[in-house]
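Please open the model in your viewer and keep the selection panel at hand. The tour below goes from one selection to the next and says what is found at each stop.

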Amino acid sequence: MSAAHDHHHGPAKGISRWLFTTNHKDIGSMYLWFSFAMFLLGGTFALVIRAELFQPGLQFVEPNFFNQMTTMHGLIMVFGAVMPAFVGLANWMIPLMIGAPDMALPRMNNWSFWILPFAFAMMVSTLFMEGGGPNFGWTFYAPLSTTYGPPSTTFFIFAVHILGASSIMGAINVIATILNMRAPGMTLMKMPLFVWTWLITAYLLIAVMPVLAGVVTMMLFDIHFGTAFFDAAGGGDPVLFQHLFWFFGHPEVYIMILPAFGIISAIIPTFARKRLFGYDSMVYATASIAFLSFIVWAHHMFTVGMPLAGQLFFMYATMLIAVPTGVKVFNWVATMFRGSMTFETPMLFAIAFVVLFTIGGFTGVMLAITPVDFQYHDTYFVVAHFHYVLVPGAVFSIMAATYYWLPKWTGYMYDETLGKLHFWLSFIGVNILFFPQHFLGLAGMPRRIPDYALQFADFNWISSVGGFLFGFSQLILLFVIIKCVRGGKKATAQVWEGAQGLEWTVPSPAPYHTFETPPDPTLIKAQ
Amino acid sequence: MASESSHETYYVPEQSKFPFFASIGLFLTVYGLGGVLNDITAGVSVTGSTWTALIGFTILSFILFQWFATTIRENHAGLNSAQLKRSYVWGMSWFIFSEVMFFAAFFGALFYVRTLSVPWLGGEGEKGSAGEFLWPEFQAAWPLLVNPDPSIYQNPNDGLNVKSWSPAFFAGYLPFWNTVILITSSVTLHFAHVALKAENRKRLIQWMFVTVGLGVIFLGLQALEYVEAYGHYGITLDSGIYGSTFFLLTGFHGFHVTLGTFILLVMLIRCIKGHFRPNDHFGFEAAAWYWHFVDVVWVGLFIFVYCI
């Protein structure tokens with residue numbers, strides 16, 4: 001049978017390789033490049049925001065355009081940059097890590113990808129439409145997005161629909177791959193943690209993306225067909241929107257961090273030259289976080305006037321998340337403890353992740369305290385919190401993963417000096433950018449405003465300087481990747497001395513088709 | 001999972017044009033649809049949007065048809081290992097789970113509105129003060145026949161028949177008969193599956209025919225009910241939250257029944273063509289799972305929308 005369908009050939013030539021591919025590595029690369037492009041676009045929008053906020057008063061943009069920038073920045077970073085980057089990494093690495101020939105459903109895999117450029121073309125094109133693009137924030141609360149939204153909201157809704165379809169298909173593919181395609185001997189509890197975290201992430205995606213589809217559908221009907229879901233005049237409730245949105249939204253933020261946990265759990269043991277401390281507890285902690293993510297959503301809306309019982313429940317449930325997250329941080333630190341550590345670029349990003357993500361986690365616990373949240377709500381403190389978990393959290397983990405696996409993808413070592421330069425500029429830049437925002441928020445500066453009171457001026461200009469430093473530093477990453485793709489020092493199959501796992505048993509660059517016959521079971525070791 | 005069959009080669013298809021062109025079709029469909037909706041709302045003349053949507057939908061349908069045809073051909077050619085078939089099983093199972101969550105959003109909205117926000121608007125509980133300030137006259141009730149602000153959301157007519165739990169009531173209650181029809185169709189579909197496994201083609205086709213017929217009857221009755229709701233009771237999409245939840249829940253269900261009936265019709269044609277083997281008929285099983293799922297959703301609707 002295999003003779004009739006010989007797959008031992010290389011990729012097709014020209015553009016058709018990318019348009020019509022079914023290869024998990026090609027699709028992974030497209031996801032990663034798409035994500036990087038969106039990262040730069042969303043970053044540009046962020047720099048518009050930081051430029052406007054450099055000093056009080058209105059300098060560069062109209063308030064309405066400013067709102068469109070905050071909205072588009074959020075949407076593009078969440079759905080266009082972070083999520084596709086993790087899906088790209090899943091595509092590249094999961095089949096290599098579990099010894100599978102490809103993803104389970106290769107054609108659907110390519111469909112998941114190709115929907116995205118169209119979805120985002122439609123989303124970004126709203127900026128040029130009559131009445132401007134969506135200007136209600138990435139959380140698109142009703143009635144701001146229904147009664148008062150611009151006409152382009154319709155296209156925003158359909159963009160969310162199709163990118164949601166893309167996410168669901170991608171997640172189904174990941175689950176089918178992990179559950180069905182593991183090589184003989186690769187039992188569940190021998191899977192690398194990146195595979196485990198993605199299995200759980202995919203489950204979250206399938207559980208909540210349909211709820212997002214449902215809530216935007218209700219918006220669509222409220223806007224065009226006169227339904228009253230989010231309008232109290234017809235017996236509905238704008239707060240219903242927030243409940244539905246955050247039922248999606250809270251698992252969504254874990255969708256953006258669980259794969260990061262998996263990446264960090266791969267990198268730290270490699271450069272500490274020790275096995276991961278507490279593998280089993282890492283798996284259970286991940287599952288616990290996923291479970292808790294479904295019962296904490298209303299901590300985003302303490303100030304809407306929930307009944308007291310609701311506030312207490314969501315406060316305590318939210319604080320519980322700190323327990324499994326603490327387990328993880330403890331395990332990473334314990335893995336490094338008395339390890340033979342070296343500090344290559346992936347390790348630097350991973351350590352920065354552990355430290356800075358933990359800061360973001362701590363501010364999360366602060367925000368979970370209901371009475372305190374009444375003061376912090378919708379201030380820059382919240383902005384600082386979620387940017388700490390998303391930028392030096394999720395984004396740093398993606399960069400760590402890029403440096404870590406780039407030699408496996410390209411066959412060449414990246415430029416370590418430039419990598420370290422990129423790390424230090426990013427590390428310094430991100431802290432100058434976001435740390436002062438804690439103080440701004442505690443002092444009362446609201447988020448999503450183009451102008452502010454004079455007493456916030458100092459921390460804002462500091463933050464803006466950090467923003468531009470961080471933003472332009474990312475061009476180094478682009479340069480390092482292009483340089484590495486074009487050549488450099490040859491990478492060995494093992495690449496990193498302390499690296500464990502099946503992906504390091506195949507040559508660098510990984511051949512176009514890998515594990516067409518399952519790997520030798522003796523290569524599969526306990527984590 | 002690793003198993004004895006893992007030595008078989010997992011079929012990884014060659015390059016395929018389907019995904020890329022399906023994406024174009026999907027994009028044109030929603031882009032056109034967005035234009036159509038905006039044109040209607042803004043009252044502007046249609047600027048090619050209808051054509052964009054139609055062309056997009058044609059492309060999408062054509063590609064999906066070819067795509068399914070290709071997978072069927074591949075299976076008939078013996079390319080699909082037992083492991084690959086399991087991928088399809090997982091894929092369909094998780095797809096149905098995603099559908100469950102889609103309906104959960106609408107059921108969640110219904111529960112929230114009925115048990116929390118409408119009573120609050122009526123002045124109940126610690127959140128009742130909102131109702132007091134906004135619409136002090138408003139009385140909470142379900143079905144909600146008098147909206148908080150009838151000048152924006154026109155009230156349904158009075159006289160929505162009051163439910164009672166007597167057999168006589170159910171005997172004349174259309175949704176009850178629709179429930180009977182849909183549950184029966186799940187049973188007849190199961191009989192068809194049994195006949196398929198027993199290699200009884202004639203029985204299989206008969207039961208499939210009955211199942212598709214029941215699906216069509218259900219849809220006809222549902223349409224009748226909508227006509228009643230609009231014409232007689234004044235329950236419409238824009239008659240307040242009762243109509244909103246009613247039409248979106250039953251409407252999306254009806255849309256799924258339509259799709260399910262179409263899928264079963266395709267399966268009927270494939271049964272007539274003799275596509276299925278007693279031990280190899282996942283297309284049929286997937287269609288059956290989908291149909292049973294749609295049936296279960298209806299039972300939920302019948303209980304929470306029609307009865308309670």
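## A walk through chain A and its contact with chain B

Select A:Asp415 as a starting point; in this predicted model, A:Asp415 counts as partly exposed, because its relative accessibility is 22%. Now add A:Lys483, whose side chain forms a salt bridge with A:Asp415, with the closest N and O atoms 2.6 Å apart. This pair links distant parts of the chain, since A:Lys483 belongs to helix 16 of chain A while A:Asp415 sits in the loop between helix 14 (380–410) and helix 15 (416–442), 68 residues apart. A:Lys483 is partly exposed too, with a relative accessible area of 38%. As a general point, side chains of opposite charge can pair when their charged atoms come close.

Next, select A:Arg273 together with A:Glu497, which form another salt bridge, here with 2.5 Å between the closest N and O atoms. A:Arg273 lies in the loop between helix 8 (258–272) and helix 9 (279–293), and A:Glu497 lies in the segment after helix 16 (457–486), so this pair ties together parts of chain A that are 224 residues apart in sequence. If you colour by accessibility, A:Arg273 should appear as partly exposed at 29%, whereas A:Glu497 is exposed, with a relative accessible area of 63%.

For a third pair, go to A:Arg17 and A:Asp26, whose side chains meet in a salt bridge at 2.7 Å from N to O. Is A:Asp26 buried or exposed? A:Asp26 is buried, because its relative accessible area is 2%, under the 20% cut-off for a buried residue, while A:Arg17 counts as partly exposed at 21%. A search of the whole structure finds 7 salt bridges over all chains.

Now zoom out and select the whole of chain A, which has 16 helices and 0 strands. Its C-alpha trace spans about 65 × 50 × 45 Å along the principal axes, and its radius of gyration of 23 Å agrees with the value near 24 Å that a compact globule of 527 residues would have. Buried residues make up 66% of the 527 residues in chain A. Among the contacts in chain A between residues at least 6 apart in sequence, 82% join residues at least 24 apart.

Show chain B as well, and select the residues where the two chains touch: the contact takes 82 residues from chain A and 74 residues from chain B. The area buried between the two chains is about 6,700 Å², of which carbon and sulfur atoms give 71%. Within the area that chain A buries against chain B, A:Phe20, A:Arg107 and A:Trp111 supply 13%, more than any other three residues.

Stay with A:Arg107 and add B:Glu74, because these two residues form a salt bridge, with the closest N and O atoms 2.9 Å apart, within the 4 Å that the rule allows. Across this interface the rule finds 1 salt bridge, along with 18 residue pairs in polar contact.

Finally, colour the helices on the side of chain A that touches chain B. Those that give two or more residues to this side are helix 1 (16–19), helix 4 (106–125), helix 5 (153–180), helix 6 (193–224) and helix 7 (238–255). Which helix gives the largest share? Helix 6 of chain A does, with 13 residues. By class, this side of chain A has 52 nonpolar, 23 polar and 7 charged residues.

Technical notes. Residues are numbered from 1 along each chain as its sequence is written. Chains are lettered from A and ligands numbered from 1 in the order in which they are written. This is a predicted model: local features need pLDDT of at least 70, side-chain atom pairs count only at pLDDT 80 or more; totals for chains, interfaces and linings use all residues. Side-chain values use heavy atoms; hydrogens and water are left out. Contact means heavy atoms within 4.5 Å. Buried area is the accessible area (1.4 Å probe) that two parts lose on being put together, summed over both. A polar contact is a pair of N or O atoms within 3.5 Å; within protein, one must be able to donate a hydrogen and the other to accept it, and residues adjacent in sequence count only if both atoms are side-chain atoms. Helices (H or I, at least four residues) and strands (E, at least two) are DSSP runs, numbered from the N terminus. Ala, Val, Leu, Ile, Met, Phe, Trp, Tyr, Cys and Pro count as nonpolar, Asp, Glu, Lys and Arg as charged, and the others, Gly among them, as polar. The radius of gyration is taken over C-alpha atoms; the globule rule is 2.2 Å times the number of residues to the power 0.38. Buried means under 20% relative accessible area, exposed over 50%, partly exposed in between (1.4 Å probe, protein chains only).
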